[in-house]
4 protein chains.
Amino acid sequence: MADRKAAREEELMDFTLSPKVVQWLERISSFMNQHVYPIEKRVEDEMNVHGKEHTEPEILKAVRKQAKAEGLWNLFMPDEHYGKGLKVAEYAPLCELMGRSFIGPRAFNCMAPDTGNMEILADFGKPEQKKRWLEPCLEGAMRTCFSMTEPETAGSDPTQLATRAVREGDYYVINGHKWFTSGAVGASFAIAMVVTDPKAEAHRRASQIIVPTDAPGFTMVRAVPVMGHAGGGGHCEITYKDCRVPVTNLLGEEGDGFKIAQARLGPGRIHHCMRMIGVAERALELMCKRAATRFTHGSLLADKANVQQWIADSRIEIDATRLMVMHAAWKIDTVGKREARQEIAEIKVQAANMVMQVLDRAIQLHGALGMTGDTPIARFWRENRSMRIVDGPDEVHRMQISRREVRRWKQ
Amino acid sequence: MADRKAAREEELMDFTLSPKVVQWLERISSFMNQHVYPIEKRVEDEMNVHGKEHTEPEILKAVRKQAKAEGLWNLFMPDEHYGKGLKVAEYAPLCELMGRSFIGPRAFNCMAPDTGNMEILADFGKPEQKKRWLEPCLEGAMRTCFSMTEPETAGSDPTQLATRAVREGDYYVINGHKWFTSGAVGASFAIAMVVTDPKAEAHRRASQIIVPTDAPGFTMVRAVPVMGHAGGGGHCEITYKDCRVPVTNLLGEEGDGFKIAQARLGPGRIHHCMRMIGVAERALELMCKRAATRFTHGSLLADKANVQQWIADSRIEIDATRLMVMHAAWKIDTVGKREARQEIAEIKVQAANMVMQVLDRAIQLHGALGMTGDTPIARFWRENRSMRIVDGPDEVHRMQISRREVRRWKQ
Amino acid sequence: MADRKAAREEELMDFTLSPKVVQWLERISSFMNQHVYPIEKRVEDEMNVHGKEHTEPEILKAVRKQAKAEGLWNLFMPDEHYGKGLKVAEYAPLCELMGRSFIGPRAFNCMAPDTGNMEILADFGKPEQKKRWLEPCLEGAMRTCFSMTEPETAGSDPTQLATRAVREGDYYVINGHKWFTSGAVGASFAIAMVVTDPKAEAHRRASQIIVPTDAPGFTMVRAVPVMGHAGGGGHCEITYKDCRVPVTNLLGEEGDGFKIAQARLGPGRIHHCMRMIGVAERALELMCKRAATRFTHGSLLADKANVQQWIADSRIEIDATRLMVMHAAWKIDTVGKREARQEIAEIKVQAANMVMQVLDRAIQLHGALGMTGDTPIARFWRENRSMRIVDGPDEVHRMQISRREVRRWKQ
Amino acid sequence: MADRKAAREEELMDFTLSPKVVQWLERISSFMNQHVYPIEKRVEDEMNVHGKEHTEPEILKAVRKQAKAEGLWNLFMPDEHYGKGLKVAEYAPLCELMGRSFIGPRAFNCMAPDTGNMEILADFGKPEQKKRWLEPCLEGAMRTCFSMTEPETAGSDPTQLATRAVREGDYYVINGHKWFTSGAVGASFAIAMVVTDPKAEAHRRASQIIVPTDAPGFTMVRAVPVMGHAGGGGHCEITYKDCRVPVTNLLGEEGDGFKIAQARLGPGRIHHCMRMIGVAERALELMCKRAATRFTHGSLLADKANVQQWIADSRIEIDATRLMVMHAAWKIDTVGKREARQEIAEIKVQAANMVMQVLDRAIQLHGALGMTGDTPIARFWRENRSMRIVDGPDEVHRMQISRREVRRWKQ
């Protein structure tokens, strides 16, 4: 303790990555170069084939197997038993690296929403729940989805949640309507957010329950197209019609729904943000390469002042965002998620807006090419717009940031 | 003439639409309500079916037949013989109205790129060219594409054009590589921009030649996905490999390529801009309706100051853009395309940026719903991003606007 | 009437200025070049001398005399008797021209807030009020101020107005606290907005009363510095302490305060907006001239793509704003102020934001020079920031625009 | 070294301030509350009095004396002998705190441009130069100015520098024209950037020479008004007309001009940026306090969604900027100024734009009050606009950032 203090006095502020993290970065980077980037195009093409939109290509399965064999697996999981014991701020740079490819997170079994579901199963699951639901996920044998958002209510306003679970003997009977249940196509189970006690105070009304996707009354209505695309695990519309699940599927205690949701969000937002930074870095790399070679109207793009501004501002915004996310991750690791709420809200707004600005510039710099599928930019662009809405829209985060800020000066 | 002057002194500035235009507006509006909006969803769904992406649904064909029967057909064509004799500024408000639906322009046979191709055929076509290529288009029996952009060269820099046509006897032999040849799937012919005299001065190097899509050596490589979508007529990659077409297919004279392209652009940009205004008005209507009914965090969206800003700024930007486009159209009608170059460049930048801002707000206001296919917003968003690139990217228009502006003060 | 309709059918939309307006423009432009621009620097320097900040320099007085002699005087006044009988849309382009110089409006006796005060005296004044207060203003012998804003209440929220006038016999006794009473230094009278009936419904609570600045109880506390400057007529803080004025000084009827304020605002906002367009045009001219001559980092500024964007976007935004303001003016002239409320609110937001964007670019383009007093840019910049606040802040206009827009879709 | 590595592996990333820094922060914060904020208004008023614009008020002199007595003096100076031995990243948070008041830096003898001049005297001065010029500055007995910018040449383009020093015997004879020689009124000496060898390669052409302000041929032409203000030490126009100074006044070696300028810039930019963060934090505090108390149109400002956005975005942008500046400071401390060039360029753009955005929102939130001198906002606004221009305009930094970025991908 004394040493620690002394060390601080020496260092003041240290932004270096530890050798451990640097090693992981090198291994992942090498794996990405060797196995991930080269198959991107093929994976995309295979999933564009009619009837295969939701099917994981064999080539991607093989890469996953390889990653698992090399131990590049479940790195997100802070638990030492189930994962590698990496702290949030240690995993963050790895997450950025994986995020540079749309198949990166999946390759390393670090994809949302499974990561969040695995985390809460690890944190709140009873031993038998872990055995039955968590371990197959960690093995990569099972996929999951998270079923919270409802079409008729504002997801960011918890008092409006409408889906209802009523206890009948040893079962919960669930009725309700959800959508944006991401990853539901091919998932073995959903973790559903449902009202168990409508009369409780606002933050104790809901619970989270594990619902197998083959439970009677669970219906996957459709994979809702997002910006015109409905592939992969989908952002699904689900109806729960007298859907019965055993009470042993309850996660934590009755009324813990919001507590668990909160627990899920902190690291989850760090992951989202770091992946967006990865996306932005990839786009910036492509911008630089294009600018350095494309000649038009008398000069290279790289020598035009507007292109220079796009590149410079992208660099600035990416660096700003990364420092903010690393700082938030460091706060989660040192003082906890609750104390880091302001920082977590800040990065959610910052990263989701940053990534779209960078991508917009990348499209413009690439001209017609930027709109095609011949670079990953267009895909990133249409997929990342959702980040300003999911996990709380910009506006709700800003409302909360502002309230905390004003409160400081009221006291 | 004297009267005209006197009339002006009375009126100074008159923004009213003429009774003739008002009547057309009413007829089109009524047709849209009765026949177009109601089939939008069905057309979209039918074209989402595998193998039908490029096929015009029967229901849309029926609506086209109906529009033609009612005389709501070819309204874009200023020529009194082939069209209705509407001036650019008279057609503009009709074009806005059609633009409110993604199938509107097609319903009335007023869709790009056919409109531009029909215009130049009417203006520069020899009688036999008109008979063979223009008239079937006006009848709605033939579709066309425009083949100018090349992947390897900057489309906005005419000195870089590379596709070559060499005369051999009574034929041109064309070799080159194009993409973003919009509408090529299902088209009967392309109008191709090709270099006929590489040694001529910059603006006389190229010619436009009618190339039947079944000409030997004309290969449609693929419909390039734009923002992940490749449906409808497509934005196609084409190779010309010793592609032979008769010299009688030359449009105008050899070397007229740029002149014709310029002639094509003026009204074409008015159309694009007015359609984007239509898109933005539709999005604003949806925003208002949603804001008036969606309740969250203690109030209707319509009562939140940020939503009010989105709606107000959208209204301001739309109104600004419409006045600018109408003014440019009026200039084309009164002093000609050449004198209106500055105004045309201005509206291209203004409208293409405006529409994306309005759509971005519309998405955000709708939350998760705004990303789905359950409103037209997401489709508009992914389709209209291209408008900041096609027909000259923002940056090239700005360069030209600035040059003209600076030149004023040099003299 | 029939003819008018026919004429319209011919013209559809006419943006031409009438020969009458063109003549006025030429005369004013010539006068500006000969008399106004050349003395700008000297006027500024003389008013920078300590103790002379609020004194009109002799040289400016002489120019005013000259303008009056040439009949370039009171052009803002639509009344044929008191002014030149120009409609709002006819005066607007002249107002733009005057706005290009910070002394332009004063040179032609067309400066705020006197113009607004003269208008309401002409419209609502009793004959003796016109004789005593309006005519000397029209002669240029008297200056005025408008006393509405209060430091403790939100000016845009009429229900909060606190200054009170109580009738005692033939007098009103006024008590209250105002600021931003613009032009009070050197003014002969204020038109004060005061509550005469606190129990009346919101829009009938207030009245407007003419208060001579030498009335007992009227105290000019200070010229409040705005962006650090307090020269000219000042934006003054005023206390009314048992300030007695004869009841004959009431403008219109008791309770007419808001009605008169509304009447004042329509044309007043057109004037403000057109002056801001003049400011922006002047700044753009300076930008172009500088860009055409300043060489740095290997090229002229005019050849750099970011500078081109600044110039092009300024041109676009200015043209958009002018069309909007002309359209709003035309609506005021044709269907009246009330029907033009939406358009008037729109231009207020648009122009006030546009001018600051253009000025910001002008500063940046000029570098260090742009911050000095060696061009008019810095002065314009610090003076025009207020336009996003006075006469209703952006936010209040946006709220009202949004409400009207949403209302359209509720019905 | 081994220990250090181990410590890192434990901590990964540590954003904590050391206890030493925390203590300094507490002492400065307490001093600001007790002595600095309370006299702000009085200092401003005294310097607004005619003839006193450039005179340091007695009350400020007293506060400086007090700060010196308490050892809160010269904290910027990294040199252990002359300062407190604080590293750049240790001083940065103190600098932010001082920057919250426009008199803060002066109160603690940490004001620009003296800090930069003192640093280079400490680093490059010969012993006699230090004795004669540095020590009186450190004592607070002498003020300085830095004379680099020229009106006719672009300051950011070193090849254009025109002021010439020719050696004649034991003297340099200087001829040239400078402006924005900040702080020249009342300064004892300037450090002038002059060309000593026009034929040398670009970065060895210039030297820095100490020029006493009473040297013959040194003329302070005027304090150039910046945004209309010319008080304090001024941003002065200077002519050098056969101005003779002894060769012993040369700083470093002939040709070292750019090297010294570079050395000056790194920490100088950190200081500028941290002061701007201080300004922004002060503005945000005022925004929060106003929002929590001002009621209008039915609610507190703090409850309006647009105000919440202003506050939240300000918080986000400030936090982003601070992390970036701290990171850049840490890089200067650990790998040196040269390696930190990219980060230093980034923060210069980021901070200068951030502070203006925050101030603009602060003005708007305060309404009329925000434009007056009754809060420090208006002063901050007009003073900080210069930060996007001085020390290299945004555009030049962006050009350099972009070049470095593109270069990474060329290799």
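**Exercise 1. Determine how chain A and chain D are related in this predicted model.**

Solution. Step 1: superpose chain A on chain D; a rotation of 180° with 0.0 Å of shift along its axis achieves this, at an RMSD of 0.0 Å. Step 2: interpret the operation; the two copies are thus related as by a two-fold rotation axis. Step 3: compare the surfaces used; 100% of the contact residues of chain A recur in chain D, so that the same surface serves both copies.

**Exercise 2. Describe the contact between chains A and D, and state which element of chain A gives the most to it.**

Solution. Step 1: count the participants; 51 residues come from chain A and 51 residues from chain D. Step 2: assign the side of chain A to elements; at least two residues each are supplied by α1 (2-11), α2 (19-36), α5 (88-99), α9 (257-293), α10 (305-335), α11 (341-366) and α14 (394-410) of chain A. Step 3: identify the main contributor; α10(A) gives the most, with 14 residues. Step 4: classify the residues on this side of chain A; 26 are nonpolar, seven are polar and 18 are charged.

**Exercise 3. Establish whether strand β4 (residues 189-195) of chain A is mostly covered or exposed, and find its pairing with β1(A) and β5(A).**

Solution. Step 1: assess burial; six of the seven residues of β4(A) are buried, and the strand is mostly covered. Step 2: examine β1 (residues 144-147) of chain A; this strand runs parallel to β4(A), joined by four bridges, and Ser147(A) has Ala192(A) as its bridge partner in β4(A). Step 3: examine β5 (residues 206-212) of chain A; this strand pairs with β4(A) in the antiparallel sense over seven bridges, and the partner of Phe189(A) in β5(A) is Pro212(A).

Technical notes
Residues are numbered from 1 along each chain as its sequence is written. Chains are lettered from A and ligands numbered from 1 in the order in which they are written. This is a predicted model: local features need pLDDT of at least 70, side-chain atom pairs count only at pLDDT 80 or more; totals for chains, interfaces and linings use all residues. Two residues are in contact if their C-beta atoms, placed from the backbone, lie within 7 Å. Ala, Val, Leu, Ile, Met, Phe, Trp, Tyr, Cys and Pro count as nonpolar, Asp, Glu, Lys and Arg as charged, and the others, Gly among them, as polar. A residue is buried if 20 or more other C-beta atoms lie within 10 Å of its own, exposed if 12 or fewer, and partly exposed in between; C-beta atoms are placed from the backbone. Two strands pair if DSSP finds at least two bridges between them. Copies are superposed by least squares on the C-alpha atoms of residues with pLDDT of at least 70 in both.
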